[in-house]
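Trainee: I would like to learn how to read a structure like this one, feature by feature. Could you walk me through it?

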Amino acid sequence: MKWKNLKIGQKLAMGFGSILVLLAITGYVGFEGIQKVSHSLFVVGDEEAPLVDMAMEMKIALWASRNSMEEFKSASAALATDDRESLDSIAKEYTQTLEDFDRFADAILNGADFDDGMKVIKTDNKDLAALISQSEEVHNSRFQRAAEDMMTAGKELLDKKKVADQAMERMEAIYDEVYEDASSLEQMISTEITQRAVAANIQGEAKAILDEEVPLADLANELKIIMARTRLVLEEYVQTRELDSLDELEKEYAARLEEFDQDVVAILEGGVIEGRKVIATDNDGIRASVKEMDENHEDFQKRVSVLMESHREAIAQAVLAEKAMTNLDAAGEEADQMLSKVEALAGQEMFNAKVEGGIAKKTAIAVMIAVTIISILAGVI
């Protein structure tokens, strides 16, 4: 049937029918485009953007946890002051960061409404959810375990440090006593030299004084010098953190003890010190003073042994704390990298949504323009 043979009613029906079909296509394409653009806006604004925020908040909470542990480590260091209240405050802040991390992770996995009005929709991205679960596993097991080890080691380090400080105080007390004994001994020998020089025939006693008393006076002075050098070794010892250096200092300390004992024996029994003959003293007061000093010196050695042992234990404890902190940093870094991947995945979802929305917009516009032109032409024809 030819077009010219059709009745006007048929032509009008076909023309308007075609226009209606084209309008329906235009409406459908426009509606579909709007739906896709709306979905893209939803994905970008309501779904993925809050996830990115949550991942960033998790990273901030993780960073805050690591920072708290750094503060705890510094506060419990061997050279720090013993401040239990400070440690308790830091531990409380650390606990809060753990709660924040878990809350944000749960929001991504299960959705949540926050007090500030932010709404987080449960993620439907399996890869993203898997990364969050893995970061939680690293955070809850390795990171927190390392933090607990570090805090335990830090507290024990403070205890060791306290023992070392007490040992240092006791050593200093007995050191002062031994040093005073040596000073008194030197004074006693000097007094005896003066008395013998005044009371005796100076010509006959001069040689005896030179041979007997002067070497004793020199040894008494040498004992004071040895004690001072020993004190310097111990001061360096408690400031040292390297085990190899401690070994060398202990050898030097032992050498000082040997020198001290040699001089004491020479005063009491006589002998040869550095090529010089020493005659044993026959003064009962001096002998009693030397023996008392020697007893105090033995007590001094016992206290030094406690000091050295407690200092070594403190260093070993510090090594444990440092190792725990290293493990904590490693676990924190791993969790941080996972959260960075979460941000990247969410960002990719947002980018894909933007691309999809842009394509839908262009397609809808192109179809609507084409259909409009065809509709106009159909109407004209």
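Mentor: Gladly; we will go from the overall fold to the core, then to some single residues. Keep in mind that this is a predicted model.

Trainee: Which helices and strands make up the secondary structure of the protein, and how many are there of each?

Mentor: Start by counting elements, then read their order. Here the secondary structure comes to 6 helices and 4 strands. Along the sequence the pattern runs α-α-β-β-α-α-α-β-β-α.

Trainee: What percentage of the residues count as buried?

Mentor: For that, look at relative accessible area, where under 20% means buried. In this protein, 39% of the 381 residues fall in that class. The protein exposes about 21,300 Å², with carbon and sulfur atoms supplying 55% of it. As for contacts between residues at least 6 apart in sequence, 80% join residues at least 24 apart.

Trainee: Which residues touch the most other members of the largest nonpolar core?

Mentor: A core can be read as a network, so look for its well-connected members, given that it is a set of buried residues joined through side-chain atoms. The largest one here has 39 residues, and those touching the most other members are Met 171, Leu 185, Leu 223, Tyr 253, Phe 260, Met 293 and Phe 300. Two or more residues each come from α3 (126-199), α4 (202-239), α5 (243-269) and α6 (284-380). Helix α4 gives the largest share, 11 residues. Apart from this core lies another, of 38 residues, including Leu 98, Val 138, Phe 143 and Leu 328.

Trainee: Let me pick Phe 300. Is Phe 300 buried or exposed, and what is it in contact with?

Mentor: Phe 300 is buried, with a relative accessible area of 0%. Leaving aside neighbours within four places in sequence, Phe 300 is in contact with Met 171, Ile 174, Tyr 175, Val 178, Met 227, Thr 230, Leu 234 and Tyr 253.

Trainee: How many aromatic pairs does the structure hold?

Mentor: Two values describe such a pair: the distance between ring centres and the angle between planes. The structure holds 1 aromatic pair. Tyr 175 and Phe 300 form it, in a tilted arrangement, 6.3 Å centre to centre with 45 degrees between the planes. Tyr 175 belongs to helix α3 and Phe 300 to helix α6, so the pair ties together parts 125 residues apart in sequence. Tyr 175 is also buried, at a relative accessible area of 9%.

Trainee: Which charged end sits over the ring of Tyr 175?

Mentor: Here you check where the charge lies relative to the ring. The charged end of Arg 231 sits over the Tyr 175 ring, 5.1 Å from its centre. Elsewhere, Arg 103 lies over the face of Phe 104, at 5.0 Å from the ring centre.

Trainee: Now a polar residue: where is Ser 310 found, and what does its side chain reach?

Mentor: For a polar side chain, ask about burial and then about partners. Ser 310 is in helix α6 and is buried, with a relative accessible area of 4%. Its side chain reaches the backbone oxygen of Leu 307 at 2.9 Å. Not counting residues up to four places away in sequence, Ser 310 touches Lys 160, Val 163, Ala 164 and Ala 167.

Trainee: And is Ser 18 buried or partly exposed?

Mentor: Ser 18, in helix α1 (residues 8-75), is partly exposed, with a relative accessible area of 37%. The C-alpha atoms of Ser 18 and Ile 374 are separated by 9.8 Å, although these residues are 356 apart along the chain.

Notes. Residues are numbered from 1 along each chain as its sequence is written. This is a predicted model: local features need pLDDT of at least 70, side-chain atom pairs count only at pLDDT 80 or more; totals for chains, interfaces and linings use all residues. Side-chain values use heavy atoms; hydrogens and water are left out. A nonpolar core is a set of buried Ala, Val, Leu, Ile, Met, Phe, Trp, Tyr and Cys residues joined through side-chain atoms within 4.5 Å. Buried means under 20% relative accessible area, exposed over 50%, partly exposed in between (1.4 Å probe, protein chains only). Contact means heavy atoms within 4.5 Å. Rings of Phe, Tyr and Trp (its six-membered ring) pair if their centres lie within 6.5 Å; planes under 30 degrees apart count as stacked, over 60 as edge-to-face and the rest as tilted. A charge sits over a ring if NZ of Lys or CZ of Arg is within 6 Å of the ring centre and within 35 degrees of the ring normal. A polar contact is a pair of N or O atoms within 3.5 Å; within protein, one must be able to donate a hydrogen and the other to accept it, and residues adjacent in sequence count only if both atoms are side-chain atoms. Accessible areas come from the Shrake-Rupley method with a 1.4 Å probe; for residues, only the protein chains shown count as cover.
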